[in-house]
Amino acid sequence: MEEKNFFDKVYEVAKQIPYGRVTSYGAIAKYLGAARSARMVGWAMNNSLTKDVPAHRVVNRVGVLTGKHHFDGSNIMQQLLENEGIPVKENQIVDFQKYFWDPALEL
DNA sequence: GCGGTGACCAGCG
DNA sequence: GCGCTGGCCACCG
């Protein structure tokens with residue numbers, strides 16, 4: 001029961017991302033105990049797009065909206081982040097480290 | 001049932 | 001200092 005798959009864990013963590021905060025694939029992967037599996041985290045986000053998971057709050061380790069291309073429009077991901085008070089410039093989050101939320105650190 | 005792929009990250013040359 | 005390769009697990013064809 002508690003032993004969910006990697007995907008399910010990613011969904012749970014992504015859902016726990018607080019408002020106005022962002023995290024990285026590596027942070028989630030590391031929290032799950034597999035920092036080297038960050039690739040799969042991104043793939044999980046791809047499936048999370050059809051779920052209630054705020055995938056727009058998840059970016060790479062440098063704060064770049066790598067997955068924006070997977071959203072409906074082109075700047076949808078950026079609009080969502082700015083709507084939460086997170087400044088985004090050139091598909092990159094400004095002061096990313098300031099808004100960075102580490103699940104392994106706060107959970 | 002098997003092989004390839006995927007929104008990445010970190011180490012090594 | 002920069003560039004490339006390896007690694008991890010689940011889903012798609």
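Begin at the surface near DNA strand B, which by class has eight nonpolar, seven polar and three charged residues; here Ala, Val, Leu, Ile, Met, Phe, Trp, Tyr, Cys and Pro count as nonpolar, Asp, Glu, Lys and Arg as charged, and the others, Gly among them, as polar. What you have open is a predicted model, in which local features need pLDDT of at least 70 and side-chain atom pairs count only at pLDDT 80 or more, while totals for chains, interfaces and linings use all residues. Residues are numbered from 1 along each chain as its sequence is written, chains are lettered from A in the order in which they are written, and side-chain values use heavy atoms, with hydrogens and water left out.

Select the residues near DNA strand B, where near means that a heavy atom of the residue lies within 4 Å of the strand. There are 18 of them, and the closest are Tyr 25, Gly 42, Met 45, Arg 61 and Gly 67. On the DNA side, sugar and phosphate account for 54% of the strand B atoms that come within 4 Å of the protein.

Next, look for polar contacts, which are pairs of N or O atoms within 3.5 Å (within protein, one must be able to donate a hydrogen and the other to accept it, and residues adjacent in sequence count only if both atoms are side-chain atoms). An N or O atom in the side chain of Tyr 25 is 2.6 Å from a base nitrogen of DNA strand B, whereas a polar backbone atom of Arg 61 is 2.5 Å from a phosphate oxygen of that strand.

Which element gives the largest share of the surface near DNA strand B? Color H3 and you have it, for this helix contributes seven residues; helices (H or I, at least four residues) and strands (E, at least two) are DSSP runs, numbered from the N terminus.

Now turn to DNA strand C and select Asn 5, Phe 6, Phe 7, Arg 36, Ser 37, Arg 39, Met 40 and Trp 43, which surround it. Sugar and phosphate make up 52% of the strand C atoms that come within 4 Å of the protein.

Zoom in on Arg 36, where a polar backbone atom is 2.8 Å from a base nitrogen of DNA strand C, and then on Arg 39, where an N or O atom of the side chain is 2.9 Å from a base nitrogen of the strand. The elements that give two or more residues to the surface near DNA strand C are H1 and H3, and the largest share, three residues, comes from H3.
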